[in-house]
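Dear colleague,

I am passing on the structure we spoke about, and below it you will find my notes on what came out of going through it. Please read them alongside the coordinates.

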Amino acid sequence: MVKVTLKDNSIREVEENSTIGELAAQISRNLAKDAIAAKVNGEVKDLAFKLKEDASVEILTLEDSQSLDVLRHSTAHLMAQAVQNLYPGTKLGIGPSIENGFYYDFDSEHVFTPDDLIAIESEMKKIVKENYPYQRKEVSRSEAIEFFGGLGEKYKVELIEDLPEGVTISMYTQGNFTDLCVGPHVPSTGSLKVFKLLNVAGAYWRGSEKNKMLQRIYGTAFSKQADLDEYLFKLEEAKRRDHRKLGLELDLFSLHEEGPGFPFFHPKGMVLRNQLEDFWRQEHRRRGYHEIKTPIILNRVLWEQSGHWAHYKENMYFTEIDDQDFAVKPMNCPGGMIMYKTKLRSYRDLPLRAGELGLVHRHELSGALHGLLRVRNFTQDDAHIFMLPSQIKDEIIGVIELVDRFYKIFGFEYHVELSTRPEDSMGSDEAWELATNALQEALEEKGLEYKINPGDGAFYGPKIDFHLRDCLGRTWQCGTIQLDFQMPEKFDLTYIGEDGQKHRPVMIHRVIYGSIERFIALLTEHYAGAFPTWLAPVQVRILPISERHHDYAKDVLNRLNELDIRAEMDERREKINYKIREAQTEKIPFALVVGDQEAETDTVAVRRYGQGNSGEKMSVKDFISLVEDEIKSKKRIN
RNA sequence: GCUGGUGUGGCGCAGUGGUAGCGCAAUUGAUUCGUAAUCAAUAGGCCAGGGGUUCAAAUCCCCUCACCAGCUCCA
């Protein structure tokens, strides 16, 4: 007998080699019916898993969020079965569950169209009705290769060949379909009721552009229809906050065929930019940063010296001036190097923090462009910190804290990644290790959780990346801190030490917003276009009831404008309802209705964006202090 | 860059071989109005661009460009 500790800490004895399914049946008939999988000593297993020794077991039903992964993974198999039924000869790639669903990669002569998804779904439903059990079988490497080789599943064979020595190789079979898979799976296809195929896309085999592109079908699955409906509704909602849509509606920016990836900022978008930049300057001045500006076009010689010519040429734009080669800057650092070298520096000058709102141009692949989130020219809120080796940790921590301060003000949740040495890079292994360790130590000291992103560093150094999510949950790198021992070497940067000798400084490249354009896109989606007062392009709109209130309205307008409150007045001969509606659609934080009552008492009727009240009356003076408080405190409404 | 899809007035859409349409926005006139849409009239499109098939092309074919989703790449 083996002892099983259940979720409620009760202990049950079952015969050795009993399956989880049998255990569930012993506990209750309902549990046996609803069970999908189980967590055995913390690992998710299927119901056919045999209990060989004492263990803690938590039986999972469709109600458990942890069974969702199993459900989705099984649905991926179901979809693959349906695809192979309908399109014989289709070869299988991989088919995992992912954050909001699953996908499967196929290599097929047939080109899948959105219409095919409907047919595949029907076939899936048919298989569900037939209720095939998912049967696990453990096999040797040679058996597995023989089996999948016999089916012509060359991608599966490749996967098996690359499996490390000594791992258990398992296959799962449901009906006429068998897949290489570690599992676990639901008991049978009949457990899969709620799913939907979403879209088709290309994806390189094993994620490398050197390999063949397979066809990937994305889908999702839930335990309840209501959950799927809610998910689909949320997707629709998310599209409503898409910055490309809101950017157009709110007249913030535009993109044109004449300049793909080169955004045009409209007056209202410029207000946002300028607010972000003003705030940035203020915060940086307080932290001992100086601001500089370096040229956009610089001589080829400089880019050869910096290593960009050798490592970054693919992404750069070039031009010729007086028969000499020049490049448009893709990064601000070489300019910063030249600036550093304009003077002899003492150790007493370090750390030297030089900030630059620098416009950079990068040739991004056409297919990668995406609204303001991925463009070909953007402004980095850059800074280069030149320092003594002994100052590294404190400076990194200072930047981490600054990023945190900024993102908290906007109400952003973020996650952190540590990107290590890429293949195409320069410098010694020792320098890279030193730099990577320094970043890691700073992260540990701040107690930040982070994920390691191997090979994703800059060509001159490793980096800490700060990622934010867009409306659809895709993450975008914004802030980054890069530690660099290479550039100071390449440019022969020095400082005079206490000993009167020349020494090599270390430097940090860092951005907080990342790119102003990208940050504005994420802010727009984050606030769904309803910017907090301090950022709102128009903070207040005054709505006179009729023409005879224009004088008073204008008086209020002047008083607001004199205090640098961004206010305007709706002078059109429209009904008040109409004016209110427009102020709301434009997501203006405050609409002030003024009529006879207000004009007589020097008050305004304040209607806040999104609050359908009839407007609180307050004196102009009180309203001004309300707005000024919100601006000063950068108050967030949502 | 790759795979698939899309491209029709400013925006959202209809129009599958026979004279380009709707709603919103815009403009003009009237309406002077108390918390989310006043009424009427007018104007606006070489149907992304180029080439081809046809008596005839928004519609069929080819090429190019842009956009969307994903892959790759990245702030």
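Which residues are linked with K268 in a network of salt bridges? They are R541, E568 and E586, which together with K268 make up that network. Please keep in mind throughout that this is a predicted model.

On salt bridges in general, the count comes to 46, and three of the individual pairs are described here. The side chains of E356 and K329 meet with N and O 3.0 Å apart; because E356 sits in strand β22 (residues 352-361) and K329 in the loop between β21 (324-328) and α12 (333-340), this pair ties together parts that are 27 residues apart in sequence. E356 is buried, its relative accessible area being 2%, and K329 is likewise buried, with a relative accessible area of 2%.

A salt bridge also joins the side chains of R559 and D602, again at 3.0 Å from N to O, and it links distant parts of the chain, with R559 in helix α17 (residues 550-562) and D602 in the loop between α19 (596-601) and β34 (603-608), 43 residues apart. Here R559 is partly exposed at a relative accessible area of 26%, and D602 is partly exposed at 31%.

In the pair K617 and E598, the closest N and O atoms are 3.6 Å apart, and since K617 belongs to strand β35 (residues 616-619) and E598 to helix α19, the salt bridge ties together parts that are 19 residues apart in sequence. K617 counts as partly exposed, at 44% relative accessibility, whereas E598, at 6%, counts as buried.

Turning to the RNA, there are 57 residues around strand B, of which Y204, S366, R374, E547 and R581 come nearest; sugar and phosphate account for 51% of the atoms of RNA strand B that come within 4 Å of the protein. A base nitrogen of the strand is 2.4 Å from an N or O atom in the side chain of Y204, and a base nitrogen is 2.6 Å from such an atom in the side chain of R581. R518, by contrast, has a polar side-chain atom 3.3 Å from a sugar or linking oxygen of RNA strand B. Helix α18 (residues 576-585) gives the most to the surface near the strand, with six residues, and by class that surface has 20 nonpolar, 17 polar and 20 charged residues.

Finally, I296, I297 and I321 make a nonpolar surface patch of about 210 Å²; I321 lies in strand β20 (residues 317-321) and, at 36% relative accessibility, counts as partly exposed.

With best wishes

Technical notes
Residues are numbered from 1 along each chain as its sequence is written. Chains are lettered from A and ligands numbered from 1 in the order in which they are written. This is a predicted model: local features need pLDDT of at least 70, side-chain atom pairs count only at pLDDT 80 or more; totals for chains, interfaces and linings use all residues. Side-chain values use heavy atoms; hydrogens and water are left out. A residue is near a molecule or strand if one of its heavy atoms lies within 4 Å of it. A polar contact is a pair of N or O atoms within 3.5 Å; within protein, one must be able to donate a hydrogen and the other to accept it, and residues adjacent in sequence count only if both atoms are side-chain atoms. Helices (H or I, at least four residues) and strands (E, at least two) are DSSP runs, numbered from the N terminus. Ala, Val, Leu, Ile, Met, Phe, Trp, Tyr, Cys and Pro count as nonpolar, Asp, Glu, Lys and Arg as charged, and the others, Gly among them, as polar. Patches are made of residues with over 30% relative accessible area and no salt bridge: like charges are joined within 9 Å, nonpolar side chains (Val, Leu, Ile, Met, Phe, Trp, Tyr) within 5 Å. Accessible areas come from the Shrake-Rupley method with a 1.4 Å probe; for residues, only the protein chains shown count as cover. A salt bridge is a side-chain nitrogen of Lys or Arg within 4 Å of a carboxyl oxygen of Asp or Glu. Buried means under 20% relative accessible area, exposed over 50%, partly exposed in between (1.4 Å probe, protein chains only).
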